[in-house]
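Please open the model in your viewer and keep the selection panel at hand. This tour goes from one selection to the next and says what is there at each stop.

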Amino acid sequence: MITADFRAKAEKEWQKITNPSIPQIFIGMATCGEAAGALSIYKSIESTLMKNHIEARIHKTGCLGMCYCEPMVDIIKPGQPRITYRNLEPETAAELITDYLVNNNYRTDLALGAWGEAIDGIPNLFEIDFLKYQERTALKNIGVINPEDISQYIARGGYKGFEKALCTQQDEIIDEVEKSGLRGLGGAGFPTGFKWKECRKTESYPKYLICNADEGDPGAYMDRSLLESDPHSVLEGMLIAAYAIGCSRGFIYIRDEYPLAIKRVRTAIEQMGQYELLGENILDSGFNFDIEIREGAGAFVCGEESALLASIEGNRGMPRHRPPYPAESGLWGKPTDINNVKTLANIPAIITNGAEWFADRGTGSSKGTAIFALTGKVANRGLIEVPMGITLRKIIFDIGGGIPNGKEFKAVQTGGPSGGCLPAELLELPIAFDSLAVAGSIMGSGGMVVLDEDTCMVDVARFFLDFAKQESCGQCIPCRLGTKQMFDILDDITKGKGRQTDIDMLLELSESVAHTSLCGLGRTAPNPVLTTLRYFQNEYEAHINHKRCHANVCRLLVEEGNIDE
Amino acid sequence: MNKIRFSINGQQFDADQGATIMQVALENHIYIPHLCYNADLVPGGVCRLCMVEVNNEKIVLACRTLAENEMIVKTNTPEIDAAIRPVVELIIADHHFTCRECPANGKCELQKIMAHLHIDRRRIDNLRPPKNKLPLETLTPFLYYDPNKCVRCGICVQTCEKIYGASHIYFVNRGYETKIACFESAAHCDFCMECVKKCPVGVLIPKTE
């Protein structure tokens, strides 16, 4: 067990931060914050504190998921609640420090919200629209704690799930996960408990556990934010999974384009080692487990689990035939369980609070919460965790604050290159694995890109096929040539060179590529074409027949169209 | 070895247990379209053309599916045709046709598939051919490689690796740009010609001088 002493010490430390004797300053320093200028905010705050001889403690936290408010800073002044400030610049950050810490002026104009009751014109942070409708469980720590300090994670109940798991029969843990109804949040939505059970059943050793953090959908950054802001929740999930299945070695496969996430996971793994949460005889339980980081080399297809296995083995990242499934024969031919970052981050809470607690939320076959990266033409962009079954309208208009600049909503793209575009008629659609599939899209790993009236749907399909064409592994013929051919046809349509036969051709090719491709990438690559054809066929026809792009995106079309006529 | 009995297109066949549908079909002169299958190699299952229907329900790859007793295999249903015909058309649209000068002319697997499926060249005109013709590449000191004709079936790669244990050549790049290239070790290629013989479409051209 993590000694009671240590947990008490961590909790006491945390008390000192949340109920401090000197001001505590939290700066959001995940990749998103840094990109928005958090580093210069940090320097500005540091020098202002020095200049004014203010004694304060600065914490680097992850991101609260509110990209539209970055860079963000939280301040706890002794006797005051934590107050979050938004969209700071080095100058306003310096002013904030002197005004609030020296002169007791809340700077309501810069504040976003207070943690708890509203004060002095600053609203309760969790009552503002962006957070009000969210239910954060997997994301409960992001932006709250310092991701590089394991004791802050432990103080907030961290590793309690693992401790409980160690006192539970392995089969019971798997039963609990199965009962919770948790499904893989990486895209396919396969029941997690079933996967674990299959892997546990296979009589072959050693067994491996892999966390798939090779997030690559355009516009999706859920896994990155989670790993940068709360790596221990994922690592604890891995520990529980490994213990339940009987894995002795784990890998976390992170794409190389996420250097900060890699750094923070590395730090987290080192700290776990210091507290005997990794290695041999973990917490005196007799359970041995180690986690290694593997960095992806930039291939999107390596997020496909069998290509990921090939990549870890040192081979070219090409998907394999299934069956056999990784649970029977995975890494180096041994039973392997592969789960997504978000799936694993849900595990500690399920074990701590029980399956019923988890299954209480959501719909019939989609339990719990879904995590989305809400981006595109929407006012409040960011990372959200919402109960399954919430409608698209609630996400886009209530949480997201609608479409900026008075534009009309046109479509929402879910599931990245494997997903589809859903039109305004489907705004009341409840978000769940099955409902999205019926509509022609997929839940995917959580990318949600909002498109407004200025978007050309043919151009959107072209964009995703361009992506699929470049990211296909090139192994199987339908995917390699089909995505290229569909891209060429779409490219021609957007340039005014569409032919009367093109729509039928696209439909035929889509069907064929979807049915004959070897792996999920090829099988789902036609989805952007199929959904845009299903809901926006008039735009294709306008391009082909009238050389007209309603959104005025395909400029070449207009010019060349005129020349043709 | 245990014998099994199953049917292909209504005809009954006896076969050894452990044989794939493809093996039995080819032995009995029933043609199933294929590019990446070679009897001497592990079935790659990447050309995706050898789809057959099993027991009136599932569509599977003939090259990777073992024949089972009392199995009902069909090689020519409308569903299979709808699935693979566009794939063949894609290959043809992408393939650089200079059949008359091609060393594989007459024994080319792609020509065979086109004849078997009665491919309609007019439908291929609806597709977009590649924009550029790529130059011949030197693969080994003895071989040219024609990326315009290559179907990326991987037979040459597997031949070099599995049969000769040499691995002079492998896939490079990704997506549409995927092609075959050589390692430095290709300087030691001893010109066994097996990859040339096994290539289904005449992509590997021995240097004459």
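The stops below begin with one chain, move on to its contact with another, and end at a pair of helices.

Before selecting anything, bear in mind that this is a predicted model.

Select chain B and show it as a cartoon: its secondary structure comes to six helices and 10 strands. The radius of gyration of chain B is 18 Å, close to the 17 Å that the globule rule gives for 209 residues, so chain B is as compact as a globular protein of that length. If you turn the C-alpha trace of chain B along its principal axes, you will find that it spans about 55 × 45 × 30 Å. Of the 209 residues in this chain, 37% count as buried, and among its contacts with a separation of 6 or more, 61% are between residues 24 or more positions apart.

Next, bring chain A into view and look at where it touches chain B, a contact that takes 26 residues from chain B and 31 residues from chain A. On the chain B side, select helix H2, residues 78-94, which gives the most to this contact, with nine residues. The chain B side as a whole divides into 15 nonpolar, five polar and six charged residues.

Finally, select residues 477-494 and 527-546 of chain A, which are helices H19 and H22, and which pack at an angle of about 35° with their axes 11 Å apart. Showing side chains here, you can pick out Met486(A), Ile493(A) and Thr494(A) in H19(A), which meet Val529(A), Tyr540(A), His543(A) and Ile544(A) in H22(A). By class, this contact of H19(A) with H22(A) has five nonpolar, two polar and no charged residues.

Definitions and conventions
Residues numbered from 1 in each chain as written. Chains lettered and ligands numbered in written order. Predicted model: local features only at pLDDT ≥ 70, side-chain atom pairs only at ≥ 80, totals over all residues. Helix = DSSP H or I, 4+ residues; strand = E, 2+ residues; numbered from the N terminus. Rg over C-alpha atoms; globule rule 2.2 N^0.38 Å. Buried ≥ 20, exposed ≤ 12 C-beta atoms within 10 Å, placed from the backbone. Contact = placed C-beta atoms within 7 Å. Nonpolar A, V, L, I, M, F, W, Y, C, P; charged D, E, K, R; others polar. Axes fitted to C-alpha atoms, helices over the stretch in contact; angles between N-to-C directions.
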